[in-house]
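Trainee: Please give me a close look at one part of this model, the metal site. Then connect that part to the rest of the chain.

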Amino acid sequence: MSNLKKYNNIQVALHWLVAILVLLMLFMGMTVLEETPNSDPAKIDALRGHMTIGGIILLLTIVRIIWRRASEQPAHVTTDNPLMDKLGVAAHYALNILTLLVALSGVGIAIQAGLPDIVFNGQGTLPEDFSEFLPRLAHGLFVKLLAALVLLHVIAALYHQFVLKDGLFCRISFRNPKD
Ligand code: HEM
């Protein structure tokens with residue numbers, strides 16, 4: 001078993017960068033993007049930003065998963081409740097898998113609707129809306145599951161930090177824990 005007390009600095013940086021980008025995308029996607037009709041010229045700009053950041057999240061998540069497997073990891077946090085410990089491990093896998101599913105279903109909508117040419121090359125026009133595309137249904141569903149899991153993840157982290165007082169945030173920060 002590893003003696004490490006915290007994640008390495010590359011993991012810390014990737015965690016907070018992806019966290020900020022995912023929160024931004026969830027918020028902007030459910031507000032600006034979803035609320036702007038495809039007939040509005042501003043939709044192209046909104047989609048350009050959304051697709052670019054979504055692509056970056058996809059790449060960073062793949063790098064995160066590879067780096068996690070390639071580098072030494074601290075042991076999972078334990079509490080006095082083994083079921084909660086198992087759920088905690090499962091939630092971390094689910095967060096990565098759902099992030100990949102959200103981003104990949106987004107790529108699916110883009111391919112099916114020919115968005116790369118329309119959005120980045122100015123060729124062609126947007127469909128009336130995306131509801132006829134199956135990946136759009138999946139994207140909407142995965143997005144809601146991801147938002148719910150992110151909320152749970154934040155609540156669990158705050159519970160560890162402020163109720164159990166086990167210094168969980170130190171594990172995912174650049175600071176070295178005091179022994
Ligand atoms: C983890 C990354 C991503 C997140 C968190 C995210 C989030 C969202 C959200 C919240 C919505 C609104 C969905 C709803 O409320 O039903 C949305 C819609 C959409 N997303 Fe993403 N997305 C991501 C990646 C992508 C990628 C990579 C693409 C394409 C390359 C993409 C393309 C779209 C499109 C075309 C829509 C539909 C907009 C509409 O119906 O008007 N997304 N996304």
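Mentor: The six donor atoms around the iron atom of the ligand subtend angles of 87 to 179°, and this makes the arrangement octahedral. Donors here are N, O and S atoms within 2.8 Å of the metal (3.2 Å for Na, K and Ca), and sites may look incomplete because water is not among the atoms. Six donors count as octahedral if opposite donors are over 155 degrees apart and all others between 65 and 115. From the protein, His50 and His139 each coordinate the iron atom through NE2, at 2.0 to 2.1 Å. His50 belongs to helix α2 (residues 42–70) and His139 to helix α5 (residues 134–164), so the pair ties together parts that are 89 residues apart in sequence. Helices are DSSP runs of H or I with at least four residues, strands are runs of E with at least two, and both are numbered from the N terminus.

The model is predicted: local features need pLDDT of at least 70 and side-chain atom pairs count only at pLDDT 80 or more, while totals for chains, interfaces and linings use all residues. Residues are numbered from 1 along each chain as its sequence is written, and side-chain values use heavy atoms, with hydrogens and water left out. The predictor's confidence in each residue is its pLDDT, on a scale from 0 to 100. The mean pLDDT of the protein is 95, and 98% of its residues reach 70 or more. Among the elements, helix α4 (residues 115–121) has the highest mean, 98, and helix α6 (residues 168–171) the lowest, 93.

Back at the site, both His50 and His139 are buried. Buried means under 20% relative accessible area, exposed over 50%, and partly exposed in between, with a 1.4 Å probe and protein chains only. There are 26 residues around the ligand, and those that come nearest are Lys43, His50, Gly106, Arg136 and His139; a residue is near if one of its heavy atoms lies within 4 Å. The side chain of His50 has an N or O atom 2.8 Å from a nitrogen atom of the ligand, and the side chain of His139 has one 2.8 Å from a ligand nitrogen atom. Lys144 has a side-chain N or O atom 3.3 Å from an oxygen atom of the ligand.

Now the chain that holds the site. The protein has six helices and zero strands. Its C-alpha trace spans about 60 × 25 × 20 Å along the principal axes. Of the 179 residues, 34% are buried. Contact means heavy atoms within 4.5 Å. Among contacts between residues at least 6 apart in sequence, 79% join residues at least 24 apart.

Leu146 gives an example from helix α5. Leu146 is buried at a relative accessible area of 4%. Beyond its neighbours within four places in sequence, Leu146 is in contact with Val22, Leu95, Leu98, Thr99 and Val102. Its C-alpha is 8.7 Å from that of Ala94, and the two residues are 52 apart in sequence. One of its partners, Val22, lies in helix α1 (residues 9–35) and counts as buried at 10% relative accessibility. With neighbours within four places set aside, the contacts of Val22 are Ile57, Thr99 and Leu146. Val22 and Gly54 are 32 residues apart along the chain, with 8.3 Å between their C-alpha atoms.

Further along helix α5 is His160, buried with a relative accessible area of 14%. Residues up to four places away aside, His160 touches Val77, Thr79, Lys165, Asp166 and Leu168. Lys165, from that list, sits in the loop between α5 and α6 and counts as exposed at 63% relative accessibility. Most residues other than glycine have a negative phi. Lys165 is not a glycine, yet its phi is positive, about 50°.

One residue from helix α4 completes the survey: Asp117. Its relative accessible area is 38%, so Asp117 is partly exposed. Outside the four places on either side in sequence, Asp117 is in contact with Gly122 and Gln123.

Note on methods
Four donors count as tetrahedral if all angles lie between 85 and 135 degrees; four count as square planar and six as octahedral if opposite donors are over 155 degrees apart and all others between 65 and 115; anything else is irregular. A polar contact is a pair of N or O atoms within 3.5 Å; within protein, one must be able to donate a hydrogen and the other to accept it, and residues adjacent in sequence count only if both atoms are side-chain atoms.
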